[in-house]
Amino acid sequence: MSEAPSSSGSPFWRFSLAFYRRAGVADACIALQEQAGVDVNLLLFLLWQASLRRVISAAQVDDLERRIAPWRNATVIPLRTVRRVLKSPPGLVAAGTAELFRTRIKAVELEAERLQQEAMHELVGPSAMGVASSSLEAAARANIEAYAATCGRAFPSPTTETLLAALGRLGCNPEE
């Protein structure tokens, strides 16, 4: 996520770029993706909503998941798979050429994620999603718990605590 400019796109996209760059966030997101099957874009959306002090219900998370899954499964996951395979490419193509191709695939994967995030932002539209919370931390914890419930498993505490700490450091400027 660190390669795209942060000055364009929706407030959600700008939040995601800034938040993902924070210490420990990328590793925590990838760990949740690998260990718990988390869609990082959906997780970031829930954390963005928490930064706006919005609590999203498990039913709303489930609805979002249902709506974004076809795009993710048809574009993001296949691109990620190709990019990962190219870390150790088959010997047919020279290593340098394969790495250049991998870099291009990575850019396309990032664009697929950006498009998913922009579509998720449009789903919310001008109306607020969820219910108001007086606390960023309470909203973040509730949103992570709602997502874990939707996934049918608890997320590892150290990983979620890393995300909560990073989100707390954003303070009142979620688009920092």
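**Exercise 1. Classify Gln49 as buried or exposed, and list what it touches.**

Solution. Start with the location: Gln49 lies in helix α3. Helices here are DSSP runs of H or I with at least four residues, strands are runs of E with at least two, and both are numbered from the N terminus. Next, take the accessibility. Gln49 has 2% relative accessibility, so it counts as buried. The cut-offs are these: buried is under 20% relative accessible area, exposed is over 50%, and partly exposed is in between, with a 1.4 Å probe and protein chains only. Last, look for contacts, meaning heavy atoms within 4.5 Å. Leaving out residues up to four places away in sequence, Gln49 touches Arg54, Ile56, Val124, Met129 and Asn143.

A note on the model: it is predicted, so local features need pLDDT of at least 70 and side-chain atom pairs count only at pLDDT 80 or more, while totals for chains, interfaces and linings use all residues. Residues are numbered from 1 along each chain as its sequence is written, and side-chain values use heavy atoms, with hydrogens and water left out.

**Exercise 2. Describe the chain as a whole: which elements does it have, and in what order?**

Solution. Count the elements first. The chain has 7 helices and 2 strands. Read from the N terminus, their order is α-α-α-β-α-α-β-α-α. Now check the overall size. The radius of gyration is 17 Å, close to the 16 Å that the globule rule gives for 176 residues, so the chain is as compact as a globular protein of that length. That radius is taken over C-alpha atoms, and the rule is 2.2 Å times the number of residues to the power 0.38. Along the principal axes, the C-alpha atoms fill a box of roughly 55 × 35 × 30 Å. Then turn to burial: 45% of the 176 residues are buried. Finish with the contacts. Among those between residues at least 6 apart in sequence, 75% join residues at least 24 apart.

**Exercise 3. Explain why helix α1 counts as largely enclosed.**

Solution. Count the buried residues. In α1 (residues 11-20), 8 of the 10 residues are buried, so the helix is largely enclosed by the rest of the structure. Name them: Phe12, Trp13, Phe15, Ser16, Leu17, Ala18, Phe19 and Tyr20. Then ask what covers them. The cover includes α2 (25-36), α3 (40-51), α5 (95-124) and α7 (157-170).

**Exercise 4. Work out how α1 packs against α3.**

Solution. Begin with the geometry. The two helices pack at an angle of about 100°, with their axes 10 Å apart. The axes are lines fitted to C-alpha atoms, for helices over the stretch in contact, and angles run from 0 to 180 degrees between N-to-C directions. That makes α1 roughly perpendicular to α3, a label for angles of 65 to 115 degrees. Now list the partners. From α1 come Pro11, Phe12, Phe15, Ser16, Phe19 and Tyr20; from α3 come Val40, Asn41, Leu44, Phe45, Leu47, Trp48 and Ser51. Sorted by class, the contact has 10 nonpolar, 3 polar and no charged residues. Here Ala, Val, Leu, Ile, Met, Phe, Trp, Tyr, Cys and Pro count as nonpolar, Asp, Glu, Lys and Arg as charged, and the others, Gly among them, as polar.

**Exercise 5. Find how many disulfides there are, and test Cys29.**

Solution. Apply the rule: a disulfide is a pair of cysteine sulfur atoms within 2.5 Å. The count is 0 disulfides. For Cys29, the closest cysteine sulfur is in Cys151, 13 Å away, which is too far for a bond. Compare their settings. Cys29 is buried at 0% relative accessibility, while Cys151 is partly exposed at 24%.

**Exercise 6. Place Arg53, Ser57 and Ala107 in the chain.**

Solution. Take Arg53 first. It is found in the loop between α3 and β1. Its phi is near 60°, a positive value in a residue other than glycine. Its relative accessible area is 31%, so Arg53 is partly exposed.

Move on to Ser57. This residue lies in the loop between β1 (54-55) and α4 (58-85). Ser57 is partly exposed, at 33%. Its C-alpha atom is separated by 8.6 Å from that of Tyr147, although the two are 90 residues apart along the chain.

End with Ala107, in helix α5. Ala107 is partly exposed, with a relative accessible area of 43%. Ala107 and Pro126 are 19 residues apart in sequence and 30 Å apart in space, C-alpha to C-alpha.

Methods
Parallel < 35°, antiparallel > 145°, perpendicular 65-115°, else oblique.
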